[in-house]
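Here is a short report for a reader who has not met this structure before. Take a look at the fold first, then read on.

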Amino acid sequence: MASDLIRSYLDEMSKHRLLQPAPMQYCEHASLNAVLVYYCDWVRHLGADVDVKVAVPQYININNAELCSMVGNLLENATEAITQQTQGERRLKVRIRYRSDPPAALFITVDNTYGEADTSIEQIDGDLVSTKHGGTGLGTATVRETAERHHGTASFEHSDGMFRASVMLCLGD
């Protein structure tokens, strides 16, 4: 009967991974959470495996715009790389942790697949070359500058089709 076929179809579709509700609350920090929801949902809808673990309280000692710009740059780059990937498993892994013990610190890692395993990522004098234009990437340079401004560090590595960004900021007084 047609109604049984429709029920069966709707039941099957309700189990599809793209129709499963995504967590809308990754952390207590509202601005950071909004950035995470935007990019992680986008990547999830591309069919990527998205693994996010974030422990950041509502208030930390960094300007919201600076924090969201930095994490947004990292996630925008990851999203673009995953979008351009034509084969293989798509993955995004995000870890952000705030440590309040003196000295307070923020640790961020973003790992994502990109292109094929033999795709090369070009560098000029140690800076990553943008995939949008011929010069060095503004996003990664901004992330590095923000980390240095907060007496921290930012590093970017890539191998075997996986790009890894690691950032540490000191947020003490």
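What follows goes from the whole chain to its parts, and then to a few unusual residues.

## The whole protein

This is a predicted model. The protein has 173 residues, and 40% of them count as buried. It holds four helices and seven strands. From the N terminus, the order of elements is α-α-β-α-β-β-β-β-α-β-β.

The protein exposes about 10100 Å². Carbon and sulfur atoms supply 52% of that area. Among contacts with a separation of 6 or more, 61% link residues 24 or more positions apart.

## Helix 2 and its cover

Helix 2 covers residues 30–45. Its 16 residues should span 22 Å at 1.5 Å a residue. The end C-alpha atoms are 22 Å apart, so the expected and modelled spans agree.

Which residues of helix 2 are buried? They are L32, N33, V35, L36, V37, Y39, C40, D41, V43 and R44. The cover over these buried residues includes strand 1, helix 3 and strand 2. After helix 2 comes G47, with a positive phi near 95°.

## The β-α-β unit

Strand 1, helix 3 and strand 2 form a β-α-β unit, and this unit is left-handed. Strand 1 (residues 49–55) and strand 2 (residues 91–99) run parallel, joined by seven bridges. One pair of bridge partners is V54 and I96, the latter in strand 2.

In a regular strand, side chains alternate between the two faces of the sheet. Strand 1 shows such an alternation. V50, V52 and V54 point to one face and are buried. D49, D51, K53 and A55 point to the other face and are not buried.

Helix 3 takes up residues 64–84. Its 21 residues should span 30 Å at 1.5 Å a residue, and its end C-alpha atoms are 30 Å apart, so this helix agrees with expectation too. N63 caps the N-terminal end of helix 3. A side-chain oxygen of N63 lies 2.7 Å from the backbone nitrogen of A65.

## Two glutamines in the loops

Q58 sits in the loop between strand 1 and helix 3. Is Q58 buried, exposed or partly exposed? Its relative accessibility is 43%, so Q58 counts as partly exposed; the partly exposed class lies between 20% and 50%. Leaving out residues up to four places away in sequence, Q58 touches E28 and H29. Q58 also lies 7.9 Å from C27, C-alpha to C-alpha, although the two are 31 residues apart in sequence. The side chains of Q58 and Y59 are joined by a polar contact of 3.1 Å.

Q85 belongs to the loop between helix 3 and strand 2. With 4% relative accessibility, Q85 counts as buried. Setting aside neighbours within four places in sequence, Q85 is in contact with R90, T113, Y114 and G115. A polar atom of the Q85 side chain lies 2.9 Å from the backbone oxygen of E89.

## Antiparallel pairs

Strand 7 (residues 162–170) pairs with strand 3 (residues 105–113). It also pairs with strand 6 (residues 153–159). The table sets out both pairs.

| Strands | Direction | Bridges | One pair of partners |
|---|---|---|---|
| Strand 3 and strand 7 | antiparallel | nine | F107 and M168 |
| Strand 6 and strand 7 | antiparallel | seven | A154 and V167 |

Strand 6 and strand 7 make a hairpin with two residues between the strands.

## Unusual backbone

Most residues other than glycine have a negative phi, and most peptide bonds are trans. Where does this model depart from that? Three places follow.

H151 is not a glycine, yet has a positive phi of about 55°. H151 is found in the loop between helix 4 (138–149) and strand 6. Its relative accessible area is 68%, so H151 is exposed.

D160 also has a positive phi, about 50°, and is not a glycine. D160 lies in the loop between strand 6 and strand 7. With a relative accessible area of 70%, D160 is exposed.

The peptide bond between P102 and P103 is cis, with omega about -10°. P103 lies in the loop between strand 2 and strand 3.

Notes:
Residues are numbered from 1 along each chain as its sequence is written. This is a predicted model: local features need pLDDT of at least 70, side-chain atom pairs count only at pLDDT 80 or more; totals for chains, interfaces and linings use all residues. Side-chain values use heavy atoms; hydrogens and water are left out. The expected span of a helix is 1.5 Å times one less than its number of residues. A polar contact is a pair of N or O atoms within 3.5 Å; within protein, one must be able to donate a hydrogen and the other to accept it, and residues adjacent in sequence count only if both atoms are side-chain atoms. Buried means under 20% relative accessible area, exposed over 50%, partly exposed in between (1.4 Å probe, protein chains only). Two strands pair if DSSP finds at least two bridges between them. A crossover is right-handed if, with the strands pointing away from the viewer, the path from the first strand over the helix to the second runs clockwise. Contact means heavy atoms within 4.5 Å. Accessible areas come from the Shrake-Rupley method with a 1.4 Å probe; for residues, only the protein chains shown count as cover.
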